[in-house]
Protein chains: 2
Amino acid sequence: MNSFSAAQRSRVTMLDVAERAGVSKASVSRFIGEDRALLSEAIARRIEQAISELGYRPNQMARGLKRGRTRLIGMLVADIRNPYSIAVMHGVETACRRHGYSLVVCNTDRDDEQERQHLALLRAYNIEGLIVNTLGHHRDELLDLRSEMPLVLVDRKVDRLESDLVGLDNPAAVKIALDHLEQRGYRDLLMVTEPFDGTSSRIERVDSFKSGIEQRPALAGAVVEIDNQLTARIQAFLAQPGPGPKALFCANGIAALATTQVLRESGCHLFDDVGLIALDDLDWYPLVGSGITALAQPTAEIGARAFECLLQRLRGDNGPVRTVDFAAQLIERGSTLGASR
Amino acid sequence: MNSFSAAQRSRVTMLDVAERAGVSKASVSRFIGEDRALLSEAIARRIEQAISELGYRPNQMARGLKRGRTRLIGMLVADIRNPYSIAVMHGVETACRRHGYSLVVCNTDRDDEQERQHLALLRAYNIEGLIVNTLGHHRDELLDLRSEMPLVLVDRKVDRLESDLVGLDNPAAVKIALDHLEQRGYRDLLMVTEPFDGTSSRIERVDSFKSGIEQRPALAGAVVEIDNQLTARIQAFLAQPGPGPKALFCANGIAALATTQVLRESGCHLFDDVGLIALDDLDWYPLVGSGITALAQPTAEIGARAFECLLQRLRGDNGPVRTVDFAAQLIERGSTLGASR
DNA sequence: CTGTTAGCGCCTTCAT
DNA sequence: ATGAAGGCGCTAACAG
């Protein structure tokens with residue numbers, strides 16, 4: 001009935017090529033696959049010609065069905081609208097393509113039910129490996145998958161799920177930030193983070209911040225989560241007397257956006273009244289006020305490395321679980337020029 | 001050799017379920033598919049139990065192979081790092097899932113060769129429909145695909161490729177912008193656009209701008225592309241005498257980023273020295289200077305509508321090609337407060 | 001209602 | 001070096 005379903009069925013198949021070239025399907029299959037060396041020059045040429053004349057494309061579904069290799073990698077992303085996720089995903093995709101794999105991205109929108117559906121889906125399509133950047137509730141499903149295919153975590157751990165993990169060295173990053181702020185003369189700090197939902201990197205950053213503050217007698221510090229009280233909380237922080245010049249530390253790009261919004265609404269002069277440093281480096285950081293100092297993550301590398309981990313496991317590496325920590329890079333801009341203005 | 005390839009093969013199959021439930025594969029298949037009504041209560045229950053006991057998941061590859069229906073939709077995106085593309089993609093994906101489809105996204109990074117590879121790939125995986133947001137060189141490939149499956153263009157046309165098109169009403173959007181700028185007292189305008197590479201929406205915006213200027217005696221206008229001369233060009237525009245207050249019109253988010261950068265470097269006070277209006281509405285627009293006035297695109301709707309077009313075609317609609325134009329929405333911020341400061 | 005029988009397009013022994 | 005045959009997991013007639 002539909003003009004397309006008919007067309008779909010009429011696609012040229014391996015048999016067509018074989019007949020056209022006057023050879024068997026097996027030979028065509030060998031030509032398609034890695035066994036081209038086993039073919040005589042003459043036959044190879046005839047097959048090649050038949051293929052191009054007919055415009056033949058092997059059907060990956062059928063190949064996957066037979067060989068159990070789909071050349072598909074799945075990626076579970078918590079929030080596709082987070083620039084960090086996009087950047088990592090781009091790195092993963094590039095690495096995938098370079099190695100002949102394709103990437104199927106599933107966005108969970110931070111929703112547990114969607115995560116479950118997507119996991120079922122990815123499994124149904126026989127992906128060969130999975131890259132996970134979500135909270136990973138549904139540990140059952142994940143454990144199931146884990147037993148069928150390699151799995152690499154990005155940025156955030158999943159509770160009691162042992163797997164390779166690629167991400168940022170959060171304690172080191174926080175240390176860089178604190179060193180920088182202290183050196184620039186800031187004394188009273190407030191870390192702004194997205195709400196605690198179990199995200200391990202978020203927790204690490206906050207914990208490192210707290211312990212860092214404790215170890216530095218000169219500094220005072222507190223932490224607030226983003227919620228509808230944020231404006232009030234930040235304004236209170238700015239108003240209250242403290243040990244010295246104040247600065248805000250945004251735990252990621254989302255926090256940086258929310259915080260900057262609050263500062264503007266509060267009529268702050270960015271950034272003379274208060275310092276600001278943010279994790280992640282988004283393209284608009286330089287444009288706001290005197291520019292936002294950033295701790296950039298090597299997102300492309302993180303993505304590429306995540307895929308490489310997967311590839312090693314696919315190739316049979318059964319060694320112990322690894323953790324790869326990348327270093328953040330400090331990019332100084334106007335928002336931490338110092339309390340001495 | 002690899003522990004995973006073994007696991008992969010040992011996945012529970014339909015036959016396992018059938019034996020466990022003491023029925024035939026056909027019954028299991030009916031249970032899985034839409035024909036559940038044809039089964040007796042007793043058998044259905046036994047199958048259901050066997051499935052849950054064994055943790056059976058149908059293999060979509062095999063289903064797709066047999067039925068010619070993969071429930072997969074492909075999307076070709078020119079630049080995954082463009083927020084517009086992300087937003088649209090999110091809309092598409094949501095619509096897909098709501099209708100039981102999954103989305104395979106391919107990012108071409110504006111590279112023709114990658115576009116070709118991705119097209120081959122999508123075809124190899126038997127996607128049922130394609131959403132295209134690229135320049136669409138390789139018209140041959142696209143025409144081939146077009147004959148096999150429905151295809152919907154987003155935002156930009158592809159030369160001599162007749163297909164449904166979902167995007168923005170660019171002339172109307174530009175008119176809104178010009179009306180707004182003129183009403184606010186700006187008289188000397190400069191449109192900043194990404195380089196002309198054939199992108200139809202880009203051309204439409206520039207053409208509408210030019211003809212709009214011609215129709216308004218009070219206004220003067222010119223156009224510049226983003227290149228390494230951009231800073232010089234914008235500075236020249238700002239320095240030269242003109243018919244009145246000056247404003248910049250950024251043809252999309254990328255242009256807005258580049259332009260704002262230049263203005264900062266040039267020491268402009270954002271936005272007292274010069275007005276600014278930008279197409280797209282990115283989350284950081286409110287944060288820069290006094291805030292950037294935007295023409296927001298309904299990206300989620302655009303994405304959803306693109307998928308719905310596809311779905312209609314998949315359901316057999318062979319009617320004439322349609323074009324869906326959405327309206328931009330003006331969001332006023334500080335950057336067009338007017339020349340009267 | 002249910003089971004049997006053929007394949008979908010491809011890969012892989014096993015012969016030749 | 002090549003071909004024939006069987007099967008990957010599933011669906012779609014056809015019988016019963």
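## A tour of chain A and the two DNA strands

Start by selecting chain A and showing its surface: about 14500 Å² is exposed, and carbon and sulfur atoms supply 48% of that area (Shrake-Rupley method, 1.4 Å probe; for residues, only the protein chains shown count as cover). Before going on, note that this is a predicted model, in which local features need pLDDT of at least 70, side-chain atom pairs count only at pLDDT 80 or more, and totals for chains, interfaces and linings use all residues. Residues are numbered from 1 along each chain as its sequence is written, chains are lettered from A and ligands numbered from 1 in the order in which they are written, and side-chain values use heavy atoms, leaving out hydrogens and water.

Now switch chain A to cartoon. You will find 13 helices and twelve strands (DSSP runs numbered from the N terminus: H or I of at least four residues for helices, E of at least two for strands). The radius of gyration of chain A is 26 Å, well over the 20 Å that the globule rule gives for 341 residues, so the chain is more spread out than a compact globule (taken over C-alpha atoms; the rule is 2.2 Å times the number of residues to the power 0.38). Along the principal axes, the C-alpha atoms of chain A fill a box of roughly 90 × 40 × 40 Å.

Next, select DNA strand C and the residues near it (a heavy atom within 4 Å). There are 26 of them, and M14(A), R63(A), R30(B), S40(B) and K66(B) are the closest. The element giving the most to this surface is α5(A), with five residues. Zoom in on the phosphates: one phosphate oxygen of strand C is 2.9 Å from a side-chain N or O atom of T13(A), and a phosphate oxygen is also 2.9 Å from a polar backbone atom of N59(A). For a base, turn to K66(B), where a side-chain N or O atom is 3.1 Å from a base nitrogen of strand C.

Finally, select DNA strand D. It is surrounded by 24 residues, the closest being S40(A), M14(B), K25(B), Y56(B) and R63(B). Sugar and phosphate make up 64% of the strand D atoms that come within 4 Å of the protein. Stop at M14(B), where a polar backbone atom is 2.4 Å from a phosphate oxygen of strand D. Then pick R30(B): a polar side-chain atom there lies 3.3 Å from a base nitrogen of strand D. To finish, color α3 (25–32) and α5 (60–67) in chains A and B, the elements that give two or more residues to the surface near strand D.

Notes: Polar contact = N/O pair within 3.5 Å; in protein donor to acceptor, adjacent residues only side chain to side chain.
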